[in-house]
Amino acid sequence: MATTELGRTHRRSKGAASHGYFLTGALFFGVLGVVLPLGLAMSVASGPAMDWGVLLVQLSVIVYTALRLASFAAAGKPAWFLIVVFGYAYTWLGLTPMVQYLARQNPLGVQLDNSTYALQSVVVLVGLVAFDVVYHVRFREKPARAKGSTKAFRLLDTRRVVILALIAVASTPVFVQALGGFDVLFTSRQARTEVLLDSGLYSASSKASGAIVTAVASVLPFVALYAMTMILVNRRELRRKVDFVALYFVVVCCNIALNNPISSSRFWFLVVCLSVLFVFPWARSAAGVRAIIGGFVLGSIVLFPYLDAFRYSDGSRENRGVIQMILEKSDYDSMVQIGNSIKYADVYGYSFGDNFVGAFFFWVPRMVWPDKPIDTGSSLAQFVNYHHENLSAPLWAESYIAFGLVAVVGIFGVFGYLCGRLSRVDAVQRAVLGTISGWTFILVPLSVYVVLILRGSLLQSMSRLAVLVAVLLFCTASFKAEIPEESGRGSASSRNGEVR
């Protein structure tokens with residue numbers, strides 16, 4: 001009798017959970033896949049007669065990305081790589097290009113024929129599907145080890161984090177001086193760029209030296225802040241240590257100086273803010289994940305264009321509406337640039353990976369390598385005779401220029417495998433340790449930084465990515481622990497996440 005009643009209760013709870021899953025998913029898809037596209041479409045003054053076939057292909061990008069985001073919201077799990085990839089694609093490659101196509105207007109003023117409009121959407125879909133499929137495939141991954149055997153783990157090391165924080169604090173005055181002082185850092189990005197040009201770190205032929213300096217200057221205080229926040233969230237006893245808390249507040253001040261939204265790029269500032277936000281347990285809850293998905297989408301449309309209010313020193317401010325922003329600001333040039341890459345490849349042929357080689361060897365000065373490939377965004381800007389070259393070059397465009405759809409499938413397949421592999425390693429280690437792993441610490445900022453890689457150009461994003469990975473790895477330590485036979489926690493770790 002008791003067993004029967006228990007079974008009924010279990011079935012009812014499973015049914016309620018299933019009902020909640022589908023209800024949440026339907027609600028998110030209704031908003032993302034129907035309400036937002038229809039609302040924006042109805043707000044657009046339609047241009048010349050449109051091709052329904054082209055519009056259907058574009059809508060398929062919106063539907064696919066909306067379905068995936070709705071499934072993530074329904075599951076309520078912090079699959080950050082997936083959420084960021086499909087969140088970016090939904091806004092920058094789905095929703096805003098639909099508005100631009102309906103109005104027959106885009107930020108670059110480029111005229112594309114219907115076949116290019118359709119092909120650029122196909123390129124996006126092919127890349128997303130390749131990423132999505134390979135992300136979930138396991139290629140000869142090692143089977144789970146038997147209980148009682150040993151396994152290598154990574155954990156966040158408090159001692160290394162303190163060393164990093166001290167280095168960040170000590171180097172901040174040097175970087176502040178190198179970037180023009182506090183007056184420049186709290187004036188505009190334009191003022192900071194002018195200082196780098198005057199100092200010779202930026203030049204007409206190369207920005208490698210300046211990119212490395214700015215990368216180190218921004219990454220050191222950010223990772224110190226992020227790591228110390230994670231430690232304070234997970235270790236109560238350190239919240240009572242005056243010296244550690246005092247160091248934390250000094251690191252906060254260093255970030256205000258070097259990573260503020262006035263002189264830093266908007267995408268990097270979002271990496272800093274979201275990475276710190278994701279540390280808190282609320283962000284990993286179902287409610288937190290759903291709020292982040294909704295906030296990411298709405299913020300990228302409504303808030304993001306206005307975050308460059310301090311980009312220029314002339315005091316100009318944006319007062320355009322959302323539709324005008326989508327149609328006129330180069331913030332939303334991603335899909336147009338994919339179309340430009342298709343036309344570029346038709347005219348000049350494929351690069352066969354030269355653009356990727358140049359990005360991976362970003363640190364080599366042009367005086368040493370005169371024929372080093374230039375930034376792909378700049379190449380496309382020159383190709384369409386745009387008045388400035390600081391344009392995006394989405395990973396889809398980089399891949400297509402390399403070798404067409406074949407490269408799109410290959411690059412996004414590799415990208416999906418790396419993201420999926422890192423996510424699974426983190427999940428396994430968290431399950432065994434019973435606490436955050438070093439891979440959790442590494443995964444969070446990398447997943448947010450993926451937005452910069454997706455938007456491109458790859459050459460511009462590589463210097464900061466290399467420094468970021470190196471500093472994140474420095475803050476963790478590897479050790480071997482015995483997989484417990486009864487407990488879910490490793491014997492060589494404590495629940496506070498520190499290596500012993």
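A salt bridge here means a side-chain nitrogen of Lys or Arg within 4 Å of a carboxyl oxygen of Asp or Glu. Keep that in mind as you open this predicted model, because the cut-off of 4 Å decides what counts at the first stop.

**Stop 1: Asp157 and Arg160**

Select Asp157 and Arg160 and show their side chains. They meet in a salt bridge, with N to O at 3.9 Å, so the pair falls within the 4 Å limit. Is each partner buried, exposed or partly exposed? Arg160 has 31% relative accessibility and counts as partly exposed, while Asp157, at 6%, counts as buried. The whole model has six salt bridges by this rule.

**Stop 2: Asp331 and its two partners**

Now jump to Asp331, and bring up Arg266 and Lys329 with it. Asp331 forms a salt bridge with Arg266, and the closest N and O atoms are 2.7 Å apart. What does this pair tie together? Asp331 sits in the loop between helix H13 (322-328) and helix H14 (334-348), whereas Arg266 belongs to helix H10 (residues 266-279), so the bridge links parts that are 65 residues apart in sequence. Both Asp331 and Arg266 are buried.

Turn to the other partner: the side chains of Asp331 and Lys329 also meet in a salt bridge, at 3.7 Å from N to O. Lys329 is buried, as is Asp331. Before moving on, go back to the first stop and add Arg159 to the selection: salt bridges that share partners join Asp157, Arg159 and Arg160 into one network.

**Stop 3: along helix H5**

Next, select residues 158-178, which make up helix H5. How far apart are its end C-alpha atoms? They are 30 Å apart, and since 21 residues at 1.5 Å a residue should span 30 Å, the two agree. Look along the axis, though, and stop at Thr172: a kink of about 40° lies there, shortly before the proline Pro173.

Then colour the buried residues of H5, which include Val161, Leu164, Ala165, Ala168, Thr172, Phe175 and Val176. While you look down the helix, recall that an α-helix has 3.6 residues a turn, so residues three or four places apart point the same way.

**Stop 4: a nonpolar patch on the surface**

Switch to a surface view and pick Leu27, Val31, Val34, Val35, Leu38 and Met42. Together they form a nonpolar patch with about 590 Å² of accessible area. Leu27 is found in helix H1 (residues 2-42), and with a relative accessible area of 56% it is exposed.

**Stop 5: Leu55 in helix H2**

Go back to cartoon and select Leu55, which lies in helix H2 (residues 52-75). Leu55 has a relative accessible area of 6%, so it is buried. Which residues does Leu55 contact, leaving aside its neighbours within four places in sequence? They are Met50, Met98, Tyr101 and Leu102. Add Tyr117 as well: its C-alpha atom is separated from that of Leu55 by 8.8 Å, though the two are 62 residues apart along the chain.

**Stop 6: Leu446 in helix H18**

The last selection is Leu446, placed in helix H18 (residues 438-455). Its relative accessibility is 15%, so Leu446 counts as buried. Setting aside neighbours within four places in sequence, Leu446 is in contact with Phe81, Leu422, Leu465, Leu468, Val469 and Leu472. Draw a distance from Leu446 to Leu472: their C-alpha atoms are separated by 9.5 Å, with their positions 26 residues apart along the chain.

Key. Residues numbered from 1 in each chain as written. Predicted model: local features only at pLDDT ≥ 70, side-chain atom pairs only at ≥ 80, totals over all residues. Heavy atoms only, no water. Buried < 20%, exposed > 50% of the residue type's maximum accessible area, 1.4 Å probe, protein only. Helix = DSSP H or I, 4+ residues; strand = E, 2+ residues; numbered from the N terminus. Patch = residues over 30% accessible without salt bridge, like charges linked within 9 Å, V, L, I, M, F, W, Y side chains within 5 Å. Areas by Shrake-Rupley, 256 points an atom, 1.4 Å probe, with all protein chains shown as cover. Contact = heavy atoms within 4.5 Å. Expected span 1.5 Å × (residues − 1). Bend = angle between axes of the 7 residues up to and from the residue.
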